[in-house]
Amino acid sequence: MQNKTIKQLISIGTELLKNSSDSAKLDAQVLLGFVLNKAITYLHTWPDKLLAEASTFQYNELVQRRLSGEPISYITGMKEFWSLPFFCNPATLIPRPDTEILVEHVLIYGQSFGNEKLKCLDLGTGTGAIALSLASEMPHWIIDAVDFNNDAVALANKNAKNLDLTTVEIYQSDWFFQVSSNKSFDIIVSNPPYIDDQDIHLKQGDVRFEPLSALVAENNGLADIANIIVQAKSYLSDGGALFLEHGYKQSDKVKEIFIANGYIEAMTIKDYGGNDRVTWAKFNKDKSH
Ligand SMILES: C[S@@+](CC[C@H](N)C(=O)[O-])C[C@H]1O[C@@H](n2cnc3c(N)ncnc32)[C@H](O)[C@@H]1O
């Protein structure tokens with residue numbers, strides 16, 4: 001095999017990936033950067049650098065994996081979220097940029113608590129993206145984060161360690177099942193599975209490689225959302241708020257479920273693409289009886 005330059009390899013990778021990825025050039029750059037353990041700026045700076053055969057071989061293998069549809073973040077094992085690096089693996093969802101809107105609004109809501117030791121619970125934490133991003137901004141908050149999948153719990157704990165965030169307690173639980181009934185939370189947050197099992201998007205792109213247990217819920221995708229809204233009432237402190245991410249067509253239904261369960265002030269927030277993405281509401285214990 002003849003040695004090739006950085007520029008040549010990116011061009012070959014881009015050409016190979018152009019029919020299977022919307023971001024062929026970026027994918028090629030990320031994969032080559034990963035092989036070389038360098039940032040993309042390095043590739044721009046040294047386009048004519050000749051690479052060793054072993055690097056070219058490894059790069060070609062990764063391009064083939066991407067060609068088969070495997071998500072970039074499962075190949076590199078990393079995804080940036082909230083400007084923090086998160087380890088990823090097929091145990092759970094790759095964090096999505098739109099979920100940052102959820103983090104942003106939880107932080108806005110949390111501002112009214114000032115320096116209080118606010119208590120927060122993240123249900124279905126996956127990589128730990130939401131809980132650890134909140135902890136990175138609010139080190140004085142006391143945060144619990146749960147997932148029913150032990151591999152996801154291990155991954156979130158690995159991310160907590162890597163980010164040196166020690167204020168989040170991460171443990172296995174089927175929603176609230178292992179959360180102590182003595183605990184109450186000022187904020188409960190979740191990005192639960194919310195896709196209907198017949199949704200065509202499940203057969204497209206990166207999602208094909210992610211576990212259905214992180215994506216799909218019964219009852220048109222609303223079963224877990226409804227379950228959380230009902231159970232959260234026993235764990236929210238008086239006036240506490242529940243923030244839920246959901247599908248872009250589910251906001252009306254989610255609001256209905258909130259209201260039917262005695263929550264107040266239900267509000268929907270749009271994501272960066274202008275789609276309904278997060279609905280949240282408060283639970284006032286006295287008024288709910
Ligand atoms: C859509 S992913 C969200 C992951 C992460 N919070 C994020 O926003 O990137 C949903 C997560 O909920 C977890 N999950 C699904 N059913 C659950 C249950 N019954 N109890 C706890 N976690 C559950 C899945 O394992 C998955 O990690």
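**Helix 1 packs against helix 2 in the predicted model**. Helix 1 spans residues 6-17. Its axis and the axis of helix 2 come within 8 Å. The two axes cross at roughly 130°. An angle over 145° would count as roughly antiparallel, and 65 to 115° as roughly perpendicular. Helix 1 and helix 2 are therefore oblique to each other. Their crossing is right-handed.

**Helix 2 also crosses helix 4**. This view keeps helix 2, residues 24-36, and adds helix 4, residues 53-67. The axes of this pair come within 9 Å. They cross at roughly 140°. That angle makes helix 2 oblique to helix 4. The crossing of helix 2 and helix 4 is right-handed.

**Helix 6 and helix 7 form another packed pair**. Helix 6 covers residues 99-110, and helix 7 covers residues 129-137. Their axes lie 10 Å apart. The packing angle is about 40°. Angles under 35° count as roughly parallel. Helix 6 and helix 7 are therefore oblique to each other. The crossing of helix 6 and helix 7 is right-handed.

**A shell of 18 residues surrounds the ligand**. The closest residues are Thr92, Gly124, Asp147, Asp174 and Trp175. By residue class, the shell divides into eight nonpolar, eight polar and two charged.

**Thr92 meets a ligand oxygen through its side chain**. An N or O atom in the Thr92 side chain is 2.7 Å from an oxygen atom of the ligand. Thr92 is also listed among the closest residues of the shell.

**Gly124 and Trp175 meet ligand nitrogen through the backbone**. A polar backbone atom of Gly124 is 2.8 Å from a nitrogen atom of the ligand. For Trp175, a polar backbone atom is likewise 2.8 Å from a nitrogen atom of the ligand. The ligand on its own has 600 Å² of accessible area, and the protein covers 97% of that area. Gly124 and Trp175 are both among the closest residues to the ligand.

Terms used
Residues are numbered from 1 along each chain as its sequence is written. This is a predicted model: local features need pLDDT of at least 70, side-chain atom pairs count only at pLDDT 80 or more; totals for chains, interfaces and linings use all residues. Side-chain values use heavy atoms; hydrogens and water are left out. A residue is near a molecule or strand if one of its heavy atoms lies within 4 Å of it. A polar contact is a pair of N or O atoms within 3.5 Å; within protein, one must be able to donate a hydrogen and the other to accept it, and residues adjacent in sequence count only if both atoms are side-chain atoms. Accessible areas come from the Shrake-Rupley method with a 1.4 Å probe; for residues, only the protein chains shown count as cover. Ala, Val, Leu, Ile, Met, Phe, Trp, Tyr, Cys and Pro count as nonpolar, Asp, Glu, Lys and Arg as charged, and the others, Gly among them, as polar. Axes are lines fitted to C-alpha atoms, for helices over the stretch in contact, and angles run from 0 to 180 degrees between N-to-C directions. Helices (H or I, at least four residues) and strands (E, at least two) are DSSP runs, numbered from the N terminus. A crossing is left-handed if the near helix is turned anticlockwise from the far one by less than a right angle, and right-handed if clockwise.
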